[in-house]
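Walk me through the strands of this protein. How do they pair, and what lies against them?

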Amino acid sequence: MSQSIAANPDRLLPADPGTRSIARDLLQRVQDLPIISPHGHVDAAVIEQNTPFPDPAALLVSPDHYVTRLIHASGVPLDQLRPSSTTQPGSRAVWHEFCKAWPLFEGTASGYWLRTQFSSVFGLAQEISAETADASYDAISAKLLEPGFRPRQLFKDFNIEVLATTDDPLDSLASHKAIAQDPTFHGRVLPTFRPDAYLNIAHPEWSANVDRLIAAAGDGASGYAGYITALENRRRYFVEHGAVSADHGVRTPATLKLDAGDAAKLFERARSGQATAQDREDFEAHMMYQMARMSVEDGLVMTIHPGSYRNHHGPTFENYGADTGHDIPFAVNYTEAIRPLLQDFGTAKDFHLVLFTLDETVFSRELAPLAGFYPSVYLGAPWWFLDAPDAMLRFRSAVTETAGFSRSSGFIDDTRAFCSIPARHDASRRIEASFLARLVAEHRVSEERAHELIVDIVDGSPRKVFKL
């Protein structure tokens, strides 16, 4: 298969010629709009310091769990793909394993993004293969050594306007401050408050994290009162440094309202190591309620990313750590789980709650109806295992007839892979054009209105939902 498919102007557009023609016009309307990325995991320090990218394998293979998990499933041990507690595979050897495995990625979202990067970002003329492994490695390595191939220049070349990072509540945000004060940098790099390790009692560092949090920002208070005060103070610190959202990677979307006395007792049981499994679930659910209360007060958009069974394979976690490809989705319940939060805050003025899921079954059954009633609720874009062309089309089909287009967040790339950002956003724009083109072809939406809608989906929605 020729690498030229990555440059085909009709990639991902409908096969039907008439519908494809409509989609082409819609895509052209938004193709050159700036990238708005309100949720992702790029390190702000990389942009602040303009850090050169590492070698091809360290940039594109070893840290990308989308990539290593599928190669691992084919029988290649992870110690041949990424560093472990005992091994450090050579970069070129890792690249050879990846190139041998390249046929496995046909039809996958990862394959699409990578092929697009190889063509548009790195300028590779040949298809990746076992035979071209050394040639492609050398070509990418040469590209990485070019003076202009640095994060700041690529930020400009990729036409990124806003890029949000994901940050620990006690982060100094020094890199964000330096970027914001740099008159030579034209773009916005915004921090995002991510308190999971401070809310989840089951986290191995929870108690130590709480100690540091209260000492740093508790205003001299102790116990549960100091803990709540410290979280409120750190959120304000993030707001002062440009944050627009707080993100929550919880196991489930459960929420629970406890009075302060009961919450304090539960907190103290956890601090003394006596919390039960039910206590852990109740405390995290209560803290999600508290996070919503704080968002109503301080204006941070609240995003919830539930439904992943983290570190499914114990031996892999022990050897390679978290985010190494064995997080597996499971079914979630939103309607009942989120109701305590929505009872008090669902109609609160200027509260924005963006709900994501890895469970497609809740798109039409629960999330679209919730977003179709509560002014605060917005539909998070298909995420993680679902940020793939067919899954994104299924999302639009599932939610639009109930919630329309105005209740969704806009595309979320959710990536650590900086060089994949334009490929991901381009794929989303093509899918939106394809979906709208079908509605136009079926005389369900006028072509004039479709042109307005696609601009709003790509540009207007993320600005509105994330208060940009």
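Strand S2, residues 160–164, pairs with S3 in the parallel sense. Three bridges hold that pairing. One point on the ladder to find is Val162, which stands opposite Arg188 in S3. Keep in mind that this is a predicted model.

Now widen the view. S2 and S3 belong to an open sheet of three strands, ordered S1-S2-S3, with parallel pairing. Its edges are strand S1 (35–37) and strand S3 (188–190). Each of these edge strands pairs on one side only. Neighbouring strands in the sheet are turned by 10 degrees against each other on average, direction ignored. Strands of a sheet pair through backbone hydrogen bonds, either parallel or antiparallel.

A helix packs here too. Helix H19, residues 421–441, lies across S1 and S2. Relative to S1, helix H19 runs at about 105 degrees.

Next, turn to strand S5, residues 245–248. Strand S4 (residues 192–193) runs parallel to S5 and is joined to S5 by two bridges. Look for Phe193, which stands opposite Ala246 in S5. S5 is also joined to strand S6 (residues 301–304), by four bridges, and these two strands run parallel. There, His248 stands opposite Ile304 in S6.

Which residues of S5 are buried on each side? Ser245 and Asp247 are buried on one side, Ala246 and His248 on the other. Both faces of strand S5 are thus covered. In a regular strand the side chains alternate between the two faces of the sheet. Two of these buried residues have already appeared: Ala246 stands opposite Phe193, and His248 stands opposite Ile304.

How values were computed: Residues numbered from 1 in each chain as written. Predicted model: local features only at pLDDT ≥ 70, side-chain atom pairs only at ≥ 80, totals over all residues. Heavy atoms only, no water. Pairing = 2+ DSSP bridges. Axes fitted to C-alpha atoms, helices over the stretch in contact; angles between N-to-C directions. Contact = heavy atoms within 4.5 Å. Buried < 20%, exposed > 50% of the residue type's maximum accessible area, 1.4 Å probe, protein only.
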